[in-house]
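This report covers strand order, helix packing and charged pairs. Please keep the sequence and the coordinates open while reading.

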Amino acid sequence: MTTLSRLFCVAAAAAVSLSATAVITPTAAAEPTTPGSSTSEPVPGYDLMGTPPEGSNDWDCKPTAAHPRPIVLVHGTGSSMQQVFPVLSPALKEEGYCVFALNYGGIPTWYNSKQIIWGVADIKRSAYELSTFVDAVLARTGAGQVDLVGHSQGGVVARQYLKFGGGADTSDPARNKVGSLVALGPTNHGTTFNGQQQLYNVLAQSGLSADVINWVIFGLAGRQQLVGSRLINDLNATSETMPGINYTIIAAKDDDVVTPPESSFLASDGGNVRNIWVQDGCPGPVGHSGLMLLPRPIYLIQTALDPGFADKHSAPCP
């Protein structure tokens, strides 16, 4: 077997492994209801997203004075809300937030058109889907703004929405639809995917079509997150942040998906960014998926959304 063949097999196996955990079989559509009612489909295709994680998507939820902004959870590449937020969603709900989550960027699998892999389509399209979802949350809850929590690609989709999708208003930040973004292990400056960027270059030189390569490297969204991609360059041009938005970036020193891990951090023109290593003050191994499942990063998310949380709860370690 040639070196190129071995590389292709490794990449294909990785893609199949990833997709096996990210596939969602669409659930049956709900009974038809009056458009605009609290039980009608909030966004097109909502029934295809599957059952949301515990604590999320109560479309009758009304924000409180203590937590006036609903939380919208945004998963990462080849993943889903079901996979990523089984811990965070109920934790936020318990604190009194209105919590919402979506699956975005879905593409049917080649072997079964009724099964969908999420987070692999064009990030620009995914940002539009996030925009539609946020508008639905604002309309249903009556809130003026939401806060976003994004994992991995979810942080980039959120930033694409803020900069190019109407989430932030540069002419009048008071009209921003988002108050803050908390991103865990986001690919803000691109990633080598722990060496798979080199694999992409090898496959491209082999003459394989872009469609085949995109599938191998976790879909078009994976290609868009490579270091030096046009989307990443456009996203970081001029300024990496938007006026009126508070950013908290939480990264793990042991992240083997966002490589190098410090590429998650943002530069700030207006002092509106907090860059945090999850290991600060608490050494220990934390991987990419652990950023959404372990007690310490969950605590850091909650304190980023509500600084008063730290007054009532001690920081866990690990």
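Six strands build an open sheet in this predicted model. Their order is 3-2-6-7-8-9, and the pairing is parallel. Strand 3 (99-102) and strand 9 (273-277) stand at the edges. Each has a single partner strand, so one side of each is left without a neighbour in the sheet. From one strand to the next, the twist averages 15 degrees.

One pairing shows the register. Strand 7 (residues 178-184) runs parallel to strand 8 (residues 246-251), and the two pair over five bridges. Val182 has Thr248 of strand 8 as its bridge partner.

Helix 4 packs on the sheet. It touches strand 2 (71-74), strand 3 and strand 6 (146-151). The direction of helix 4 makes about 155 degrees with that of strand 3. Angles over 145 degrees count as roughly antiparallel, so helix 4 is roughly antiparallel to strand 3.

**Helix 4 against helix 5**

Helix 4 (residues 123-141) also meets helix 5 (residues 153-164). Their axes come within 8 Å and cross at roughly 75 degrees. That makes the two helices roughly perpendicular. Which residues of helix 4 and helix 5 make the contact? Helix 4 supplies Ile123, Lys124, Ser126, Ala127, Leu130, Ser131 and Val134. Helix 5 supplies Gln153, Val156, Val157, Ala158, Gln160 and Tyr161. By class, this contact has eight nonpolar, four polar and one charged residues.

**A hairpin of strands 4 and 5**

Strand 4 (residues 107-109) and strand 5 (residues 112-117) pair in the antiparallel sense. Three bridges join them. The two strands form a hairpin, with two residues between them. Ile107 stands opposite Ile117 of strand 5.

**Salt bridges**

How many salt bridges does a search of the whole structure find? The search finds five. The table lists some of them.

| Acidic residue | Basic residue | N to O distance |
|---|---|---|
| Asp147 | Arg69 | 2.8 Å |
| Glu129 | Arg125 | 2.9 Å |
| Asp169 | Arg175 | 3.7 Å |

Take the pair of Asp147 and Arg69. Asp147 lies in strand 6, while Arg69 lies in the loop between strand 1 (23-24) and strand 2. The pair therefore ties together parts that are 78 residues apart in sequence. Is Asp147 buried or exposed? Asp147 has 2% relative accessibility, so this residue counts as buried. Arg69 counts as partly exposed, at 28% relative accessibility.

The pair of Arg125 and Glu129 sits within one element. Both residues lie in helix 4, four residues apart, about one turn of the helix. Arg125 is partly exposed, with a relative accessible area of 36%. Glu129 is partly exposed too, with a relative accessible area of 22%. The cut-off for buried is under 20%, so Glu129 does not count as buried.

The side chains of Asp169 and Arg175 also meet in a salt bridge. Arg175 has 59% relative accessibility, so this arginine counts as exposed.

**Helix 4 in review**

Helix 4 appears in several of these contacts. Strands 2, 3 and 6 of the sheet touch helix 4. Helix 5 crosses helix 4 at roughly 75 degrees. Arg125 and Glu129, joined by a salt bridge, both lie in helix 4.

Note on methods:
Residues numbered from 1 in each chain as written. Predicted model: local features only at pLDDT ≥ 70, side-chain atom pairs only at ≥ 80, totals over all residues. Heavy atoms only, no water. Axes fitted to C-alpha atoms, helices over the stretch in contact; angles between N-to-C directions. Parallel < 35°, antiparallel > 145°, perpendicular 65-115°, else oblique. Contact = heavy atoms within 4.5 Å. Nonpolar A, V, L, I, M, F, W, Y, C, P; charged D, E, K, R; others polar. Pairing = 2+ DSSP bridges. Salt bridge = Lys/Arg side-chain N within 4 Å of Asp/Glu carboxyl O. Buried < 20%, exposed > 50% of the residue type's maximum accessible area, 1.4 Å probe, protein only.
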